[in-house]
Structures are given as C-alpha cells and as structure tokens.
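Biologist: I'm new to reading structures, so can we walk through this one together, one question at a time?

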Amino acid sequence: MAKKRPQSKAGKQQLKDGEIPVVGAREPCPCGSGRRYKACHGRAAAQAVTELVHRPFEGLAGECDWVALRELVPAATVELTLKDGLPEGVPSVKLATVLPMAWPALRRDDGSVLLALQNDTSSGDLSRDLADTLQRALEAEPGSPVAARRVPADGPRLQDLLAPDAAFEPEVHSGFEFWVPDAENATAEVSASLERANAAAIPTTLLSGVDAAYWCETPEKNHLRWVMPHPEEQLLDALARLHAAGTSSLGDDTRLVGSFRAHGLVVPVWDLPSSMGAEACEKPAVEFAERLAAALASDAPLTAEERRARGGLTNRQVTLS
C-alpha cells in the first residue's frame, strides 16, 4: 500500500470562508483543514447541486415562454435586458434555444453574446447554471464559445442579472440560421451542419392572440402546446370542468389529449388536424382562454363527471423536468 504523505501545517493555505474556491470533490480543501473538499467546504456545494429547484424561471418576465423555449421549441431567440445594462464591448445579449456543438454560450466576433437554453446543467438550479454561463460569456474573448462547468453554490441566478420588468418576446425561427451572422456565405462545413439541424426541426409558430401557446406541425397531425401559469391543481380542475362540459376542444376534429408538467408549470396539449395551421388556431385559442378564465374562477366542488374527466387528464400527464 502506498504510504500516506504527512501533512505539513506550515504548507496549508489559510483562507476565509468567503474565499474558498471550488475544486475537485476528492482534492484537499483549499481552507487547509487537511480534509477532502467534499467533506469540508464542499458540503454546501454538494447540497446545492442535488437540490432541485422546481420553478427555476419563477419571477422572470415571460416565465411560460422560458419553459416553452427550454422544452418545446426547436429554434428561437429572445433579446435579453440586463439589470445593470450591457458591459462595454457587448452590443447585445440574446437567449437561444440551442447553439452549434451544444455550446452553453457563445461570444461572437462582434462581442455580442448568445446564451443557450436547452443544454444539460450541472446542478438542480437551472437559473443559477444559466446565470453563471451568462456571466462568463460576457467576459469571454470575442469569437470564442463558453464551456460547461460546475457552478458555485452561492452564485447569482438569472433573477439577479436580468431586468425584471423588461419585455420577453421570443422570435421563433424556421431554422438555425441565427447561428451565423451571414448564413448565405457560410463555409461548406457550417452549411452542412445547418442543413442537418434544420432538417430535424419541427415547424413551430407562436400564437399572437394568447400568451405562450405554440402550434407545431408533425407528419401525422398538428398540435397546440400551451404553457400556462396557473397553479397545477386549480388548472386541472378548470380543464376538467371544460372537458366534462364538452368545451375543452379548439373546434371540429380537435381534442385536448393531456398535458406536460415542465419546470413547475402545466402545458396542456391539443391534437389538431393536419389541415389546421397556426393562423386557424388564433380565434379558437382566444375563445378557449375566455372559457378557461370562467372555469378557473369557479370554486364549486367537482361533479362526479368532472372528477372522472380530471382523473383522465391526470393519467395522461407527462413530466418533462
């Protein structure tokens, strides 16, 4: 067996609690205690990594759209407004659904920043992970991507960095040409990558008459996926009331088929006929929103038929996050 090397107290680095950097879990703790990081100052970090934040976008403008862009929309961008304004040399900051090579972020040659939303993250707090990536992107050299890393447990969250009252207005794209400033003159390699990504993207459109409702086209049928901000139990009761009354559809040959649960919000899903495009969804969606508002306002106990409808909706619910 290898001999343990004696630890010299004189060689230990003495640091204050607030100055302890993040190191490997099995490495000696930088505080100089002689214990491994995971058994010393890494305990709090480990707990923060494993603790899941169920609504990471709560408190941000456009929470429902954040969820949609994270889980449902292939290609979209949103202009972000920083609470303290743009740093010198950074003309703009945009959120993107995904970036080439699954980069967490990219600092472009002109200094602008693209922050990717659909990447895997290292902790249970997606907001903190994205904030860390954003901060590093703002300081990166122009023309360079930002790599993933383990995020400090006490780092800021998006809610600390973004202006709370700024508009959050997603722009849904038909493809990923936003990856490059001049897609028409891109290299053959970049063009091939764009072509592959575009071929895999499901055509998606954001409705204009209601909030956070996204129409999408699939080979067999179309769908409407609508991220809603209401508390889950209250929303399921309201949907059950409408379903039992036969008013939960969006018109002929449409059907409320279930819902997703994603980042603390519920996303009802409708099947639509292939002939029903996004524009044809606009008026039925507005009318449904009015019926839903009335159902949400009711506090009457559910009838037996409504309870059966609720059970059916609950059984068809899928958790995405």
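Modeller: Sure! One definition to start: two strands pair if DSSP finds at least two bridges between them. Also keep in mind that this is a predicted model.

Biologist: Got it. How many helices and strands does the protein chain have?

Modeller: The protein chain runs to 321 residues, and 44% of them count as buried. As for its elements, the chain has 8 helices and 12 strands.

Biologist: Let's pick strand S9. How many of its residues are buried?

Modeller: Look at the two sides of S9 in turn. On one side sit Asn222, Leu224 and Trp226, on the other His223 and Arg225, and all are buried. So for S9, which spans residues 222–226, buried meaning under 20% relative accessible area, the count is 5 of 5.

Biologist: And which residue in S9 is the bridge partner of Tyr214?

Modeller: Strand S8, residues 213–217, pairs with S9 in the antiparallel sense over 5 bridges. A hairpin of 4 residues joins S8 to S9. In S9, the bridge partner of Tyr214 is Arg225.

Biologist: Which residue in S11 stands opposite Asn222?

Modeller: S9 also pairs with strand S11, residues 265–272. That pairing is antiparallel too, over 4 bridges. Opposite Asn222, in S11, stands Leu272.

Biologist: On to helices. Are H6 and H7 roughly parallel or roughly perpendicular to each other?

Modeller: H6 covers residues 232–244 and H7 covers residues 278–297; they pack with their axes 9 Å apart, at an angle of about 115°. Angles of 65 to 115 degrees count as roughly perpendicular. Therefore H6 and H7 are roughly perpendicular.

Biologist: How many nonpolar, polar and charged residues are in the contact of H6 with H7?

Modeller: From H6, the contact uses Gln234, Leu235, Ala238, Leu239, Arg241 and Leu242. From H7 come Phe288, Arg291, Leu292, Ala295 and Leu296. Sorted by type, that gives 8 nonpolar, 1 polar and 2 charged.

Biologist: What about H6 and H8: is H6 roughly parallel or oblique to H8?

Modeller: The axes of H6 and H8, residues 304–315, come within 8 Å and cross at roughly 120°. That angle makes H6, relative to H8, oblique.

Biologist: Last one! How many charged residues are in the contact of H6 with H8?

Modeller: Among the residues making this contact are Glu233, Asp237 and Arg241 of H6, plus Glu305, Glu306 and Arg310 of H8. The contact also has 6 nonpolar and 2 polar residues. The number of charged ones is 6.

How values were computed
Residues are numbered from 1 along each chain as its sequence is written. This is a predicted model: local features need pLDDT of at least 70, side-chain atom pairs count only at pLDDT 80 or more; totals for chains, interfaces and linings use all residues. Side-chain values use heavy atoms; hydrogens and water are left out. Buried means under 20% relative accessible area, exposed over 50%, partly exposed in between (1.4 Å probe, protein chains only). Helices (H or I, at least four residues) and strands (E, at least two) are DSSP runs, numbered from the N terminus. Axes are lines fitted to C-alpha atoms, for helices over the stretch in contact, and angles run from 0 to 180 degrees between N-to-C directions. Angles under 35 degrees count as roughly parallel, over 145 as roughly antiparallel, 65 to 115 as roughly perpendicular and the rest as oblique. Contact means heavy atoms within 4.5 Å. Ala, Val, Leu, Ile, Met, Phe, Trp, Tyr, Cys and Pro count as nonpolar, Asp, Glu, Lys and Arg as charged, and the others, Gly among them, as polar.
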